[in-house]
Amino acid sequence: MPEYIAAIDQGTTSTRFMIFDHGGNVIAVDQKEHQQIYPRPGWVEHDPLEIWERTREVMRGALAKAGCAASDIAAVGITNQRETTVVWEKSTGKPIYNAIVWQDTRTDGIINELAKDGGQDRFRLKTGLPLATYFSGPKLKWILDSVDGARAKAENGDLLFGNIDTWLIWNLTGVHVTDVTNASRTMLMNINTLDWDEEILEILDIPRAVLPAIKSSSEIYGHIDARGGVLAAGEGGGSVPIAGDLGDQHAALFGQTCFSPGEAKNTYGTGCFMLMNTGETPVASKSGLLTTMGYKIGDQKAVYVLEGSIAITGALIQWLRDNLGLIQSSAEVEALAKSVEDNGGIYFVPAFSGLFAPYWKSDARGAIVGMTRYVNKGHLARAALEATAYQTREVLDAMETDSGVRLTALKVDGGMVFNELLMQFQSDILDVPVIRPKVAETTALGAAYAAGLAVGFWKDYEELRKNWVKDREWQPSMDTELRKKLYSGWKKAVTRTFDWVE
């Protein structure tokens, strides 16, 4: 019996392969970054072939670190940056264009045209989503409309589309599939039927033949073939199955074992994403949140969530590093922020890709508000960290309004949760405890859990719950009046970013 479960975690800036034991402990991890491509303002792309090569490299690297063979891995789960759109030739496997990343805003014109009939909520009843550049359906339409010969090839059945999960599964197994969570981020799937919506496909002029089959988040989709290299065949000739597939935020919810309605998590990565389990019935949002899929395990009923999506959090720290040179590494931002006692009166609203939840304003642009001669780089660093906490508060307020549930604590995960200053400020501005689990990178763990359930490595949710262990908890300590004053200043600063693009 294989001892381990593994997960491919393909994110916005890097790809990881993680190997877990039955207790959910990390045995080995290998990680590599890939290039960020910015052809024009507002455009963000990745090279799909580079991502595929990095995936194979980290698979080899983690197996070597763990001293594992393919026969030691029971199954592999995949989790991925959502909405990032790839279109490739079925016959050659060659992408016809770079992957268009979820942050990309080039489909603004398509969105505005769609909104002329029915407004921003035109498809919300069917998809749970507002019209926004965020989602992959309009990106797919842009590629079919803009790349020479693409539409004819698509109509002839010669092209395939997918988010990054689909691209990797196809390369690993030759099977063209996605799961309900990734499909729910295309703006093409009906969240009630869990199938592609024919009316929306017709409106966007997207041939159904390019779309993958929609599966559950936990089942065997296929087995890794020769292209998968190290996991293609174990001892005795068997190959490892791909058996779990969840968009990254859904995977983190699953890895945080938020299996009951009302349980929520917040992931701090390139962006910030808060999800609350609402059970087997979708809850319509009146406060700017997304109604989307949580997960679907095998033949069980699908579970829905409310989601608050924030475009820029960790990416703002990278911007301080790469564009301004304020820090040499992202880890240095905490020390720089601690060099001052407060934000110096400034607010940093990072609307680089517009504003996501709860505003959904693609024409907003970033602003630093309240600048005086007193402000130094420490204040900039602190304001950048605080922006993540303020944006999270806005999402939590909306979530509590929609669900009627008052959160008593927030489970957190992702790379930024090791920033002690940020976590304490987050607890202070929310006025609830913030709890970090022992395994903070729960995105990969959630994908591993889904794959493990599919092959019997774990038997049920209770077994997974027993793996969850608290590592650190932050308690709110801020004065109530100060909390109100700071948050009021943030809300005022956000309005300064509206309607910037003509």
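Which residue in S18 is the bridge partner of asparagine 277? The tour below leads to that position, beginning with the whole chain of this predicted model.

**Whole chain.** Display the C-alpha trace first: along its principal axes it spans about 65 × 50 × 45 Å. A compact globule of 502 residues would have a radius of gyration near 23 Å, and the chain agrees with that expectation at 22 Å. Colouring by secondary structure brings out 16 helices and 23 strands. Of the contacts with a separation of 6 or more, 72% are between residues 24 or more positions apart.

**Surface and charge.** Next, switch to a surface representation. The accessible surface is about 18400 Å², and carbon and sulfur atoms hold 49% of it. Buried residues account for 62% of the chain. Selecting the charged side chains gives 50 positive and 64 negative ones, with the centres of the two sets 3 Å apart.

**Strand S18.** Now select residues 303-310, which form strand S18. Because 8 of its 8 residues are buried, the strand is largely enclosed by the rest of the structure. Show the side chains to separate its two faces: Val303, Val305, Glu307 and Ser309 point one way, while Tyr304, Leu306, Gly308 and Ile310 point the other way.

**The partners of S18.** Add residues 272-279, strand S16, which pairs with S18 in the antiparallel sense over 7 bridges. Here the opening question is settled: the bridge partner of asparagine 277 is valine 305. Finally, add residues 290-295, strand S17, which also runs antiparallel to S18 and is joined to it by 5 bridges. In S18, glutamate 307 stands opposite leucine 290, and this glutamate is among the buried residues of the strand.

How values were computed:
Residues numbered from 1 in each chain as written. Predicted model: local features only at pLDDT ≥ 70, side-chain atom pairs only at ≥ 80, totals over all residues. Heavy atoms only, no water. Helix = DSSP H or I, 4+ residues; strand = E, 2+ residues; numbered from the N terminus. Rg over C-alpha atoms; globule rule 2.2 N^0.38 Å. Buried < 20%, exposed > 50% of the residue type's maximum accessible area, 1.4 Å probe, protein only. Contact = heavy atoms within 4.5 Å. Areas by Shrake-Rupley, 256 points an atom, 1.4 Å probe, with all protein chains shown as cover. Lys, Arg positive; Asp, Glu negative; His and termini not counted. Charge placed at Lys NZ, Arg CZ, Asp CG, Glu CD. Pairing = 2+ DSSP bridges.
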